[in-house]
Amino acid sequence: MSLRKNLVFTVIAAVSILCGCADKTNNDKNIAVTRDVFAMDTYMNLKAYGKNAEPALEEAEKRIHELENELSATSEQSDIWKINHSSGEETAVSRDTAALIDKALEIGNSTHGALDITIFPVLKEWGFTTEKYHIPDENKLKSLLENVDYRQIKLNDKTVSIPEKSEIDLGALAKGYTGDEIMEVFKSHSIDSAIVSLGGNVQALGSKPDGTNWKVAVRDPFSPENDMCVVEISDKAVITSGNYERFFTGDDGKRYWHIIDPADGYPADNGFVSVTVIGENGLNCDCLSTALFVAGIDGYKDIMMDYPNYDFIFVTDDEKILYTGGIKDKFQNISSMSAEVIDID
Amino acid sequence: MTKSIKLLIAAIALIFIASVIAIILGTKKPDSTCVEVVQNNKIIYRFDLSQEENRTFRVEFADGGWNDIKIENDEISIIDADCPDKTCVKTGVLRSESIPIVCLPHKLVIRFADKENE
């Protein structure tokens with residue numbers, strides 16, 4: 001009889017699992033607490049597990065808004081706005097701003113200028129900051145490019161100066177750093193399982209509560225409403241730069257996207273349509289995804305070699321996926337594109 | 001029937017049910033049909049799309065803004081909104097757990113409900 005009872009119970013349990021849309025009712029180890037944050041011009045979703053999840057999310061949201069206030073290029077209270085309106089004078093900045101500029105200079109050097117945070121005036125000229133898009137005049141671009149050079153930025157502890165006509169923007173780094181900082185907040189609340197998506201940039205703390213890896217989907221740049229592949233991670237960030245994220249179609253029918261090549265001031269069109277970087281440090285992942293997108297098919301291998309602890313997924317403009325061997329067993333292609341492991345030699 | 005035969009039948013029945021469940025779970029695409037419509041962290045609707053009738057309805061906000069949400073053939077989408085960029089409309093129907101429909105100006109999100117929390 002007890003067997004029959006078991007059977008009945010199993011069926012009831014199965015049916016309720018299949019049909020249920022139950023409410024979240026408690027907050028135990030396996031229940032996720034989620035929070036939406038609308039900041040940095042994007043949608044962020046934070047999810048944490050465990051009994052401290054609620055206060056951890058609260059503090060994480062505060063930290064996001066704090067960083068936004070320091071780092072936004074368009075808010076007049078921000079460090080970046082002050083630097084950009086300093087007429088070449090020194091500006092005192094926060095620890096966060098100094099850390100990000102320091103990183104931008106480091107990756108600028110290691111990628112031979114593929115990442116250049118002084119590209120901002122060019123980005124503005126294209127209309128990417130206001131959504132009033134237009135194709136700039138060639139001469140205008142040339143004159144703006146004269147002031148694009150990250151090597152002119154002077155950082156001295158927590159003071160920054162840039163040439164009078166230069167302007168900087170930390171859009172290529174801010175979300176990566178924010179991810180790292182959220183992980184620190186979570187750790188300080190003894191959270192050991194959490195995952196956040198900051199406008200598509202994913203970063204995870206630990207693994208899922210059941211001990212298995214998180215499965216993170218990467219979008220298909222050729223059809224961004226669909227996923228292209230799934231990678232399994234724990235304690236890592238998965239950050240993508242793609243030509244589908246922010247773009248407009250010009251009067252000439254061509255697509256123009258927001259990742260600008262500092263070499264010519266035009267949207268970087270060097271063979272890649274999306275670059276995903278996977279690694280423990282979200283800030284490095286964010287910088288590298290932009291830099292590698294710009295460096296393109298001719299320059300990516302050199303840069304990749306300098307970051308052996310990171311994994312990469314590239315999508316070429318002729319619809320091929322290239323990825324590094326480190327994720328070979330954790331990578332699942334769910335697109336119709338071919339996918340192959342990159343041969344480093 | 002001896003006890004061992006009863007046990008065997010029960011065991012087979014259990015395995016059969018387990019496989020049926022596995023097949024149903026495995027072929028459902030996407031895994032869940034439970035979706036949440038969330039406005040600034042408050043769940044304003046929760047639907048099991050497989051149970052919902054086709055319809056279009058409007059959600060309105062305190063500032064006068066609105067989004068028109070359409071449920072059709074077990075799929076959900078935003079078909080119109082009063083915001084300038086209409087990113088939410090361009091997203092189309094909700095397909096992926098990792099790609100929610102988002103209307104930033106209205107802080108509105110439509111996403112699949114968390115499976116683990118059900």
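This is a short walk through a predicted model with chains A and B.

Let me start with the scores. The model has an ipTM of 0.77 and a pTM of 0.85. Chain B has an average pLDDT of 84. In that chain, 84% of the residues reach at least 70. Where is confidence lowest in chain B, and where is it highest? The low end is helix α1(B), residues 3-27, with a mean of 68. The high end is strand β4(B), residues 66-72, at 97. One stretch needs a warning. Residues 25-29 of chain B fall below a pLDDT of 50. Beyond near neighbours in sequence, that stretch has zero contacts in the model. Where pLDDT is low, predicted coordinates should not be read in detail.

Staying with chain B, here is the layout. The chain has two helices and seven strands. Starting at the N terminus, the order is α-β-β-β-β-β-α-β-β. Chain B has 118 residues, and 20% of them are buried. Now take its contacts with a separation of 6 or more. Of these, 35% link residues 24 or more positions apart.

Look at strand β1(B), residues 34-39. On one pairing, β1(B) runs antiparallel to β2(B), residues 42-48, and six bridges join them. The two strands make a hairpin with two residues between them. In that hairpin, Asn40(B) has a positive phi near 45 degrees. β1(B) also pairs with β7(B), residues 108-112. That pairing is antiparallel too, over five bridges. Which residues partner Glu36(B)? In β2(B), the bridge partner is Arg46(B). In β7(B), Glu36(B) stands opposite Arg111(B). As a general point, strands of a sheet pair through backbone hydrogen bonds.

Over to chain A, and its core. The largest nonpolar core has 114 residues. Three residues have the most contacts inside that core: Ala48(A), Phe186(A) and Ala291(A). Which helix gives the most to this core? Helix α8(A), residues 282-305, does, with twelve residues. Take Ala291(A) as an example. Neighbours within four places in sequence aside, Ala291(A) is in contact with Ile107(A), Thr111(A), Ala114(A), Leu115(A) and Ile303(A).

Now keep your eye on helix α8(A). UniProt, in an unreviewed entry, marks a "binding site" at Ala172(A), Asp286(A) and Thr290(A). These positions spread over 119 residues of sequence. In space they cluster, with a largest C-alpha distance of 6.7 Å.

Asp286(A) lies in α8(A). Is Asp286(A) buried or exposed? Asp286(A) is buried, because 32 other C-beta atoms lie within 10 Å, and the cut-off is 20 or more. With neighbours up to four places away left out, Asp286(A) is in contact with Ala172(A), Leu173(A), Lys175(A), Gly176(A), Asn201(A) and Ile239(A).

Thr290(A) sits in α8(A) as well. Thr290(A) has 26 C-beta neighbours inside 10 Å, so Thr290(A) counts as buried. Not counting residues up to four places away in sequence, Thr290(A) touches Leu115(A), Ala172(A), Ser241(A) and Ile259(A). So Ala172(A) appears in the contact lists of Asp286(A) and of Thr290(A).

Next, a sheet in chain A. Three strands make an open sheet, ordered β8-β9-β16, with antiparallel pairing. The edge strands are β8(A), residues 214-219, and β16(A), residues 331-333. Each edge strand pairs on one side only. From one strand to the next, the twist averages 20 degrees. β9(A), residues 227-233, meets β16(A) over three bridges. One of the partners is easy to find: Val231(A) has Phe331(A) as its bridge partner in β16(A).

Gly211(A) is in the loop between β7(A), residues 201-205, and β8(A). Why does Gly211(A) count as exposed? Gly211(A) has 9 C-beta neighbours inside 10 Å, and 12 or fewer means exposed. Gly211(A) and Ser193(A) are 18 residues apart in sequence. From C-alpha to C-alpha, they are 9.2 Å apart in space.

Last stop. An unreviewed UniProt entry gives a "coiled-coil region" over residues 50-77 of chain A. In the model, that span is 68% helix and 0% strand. Its end C-alpha atoms lie 36 Å apart.

Definitions and conventions:
Residues numbered from 1 in each chain as written. Chains lettered and ligands numbered in written order. Predicted model: local features only at pLDDT ≥ 70, side-chain atom pairs only at ≥ 80, totals over all residues. Pairing = 2+ DSSP bridges. Helix = DSSP H or I, 4+ residues; strand = E, 2+ residues; numbered from the N terminus. Axes fitted to C-alpha atoms, helices over the stretch in contact; angles between N-to-C directions. Core = buried A, V, L, I, M, F, W, Y, C linked by C-beta atoms within 7 Å. Contact = placed C-beta atoms within 7 Å. pLDDT = per-residue confidence, 0-100. UniProt positions renumbered as here; feature names shortened; annotations may be inferred.
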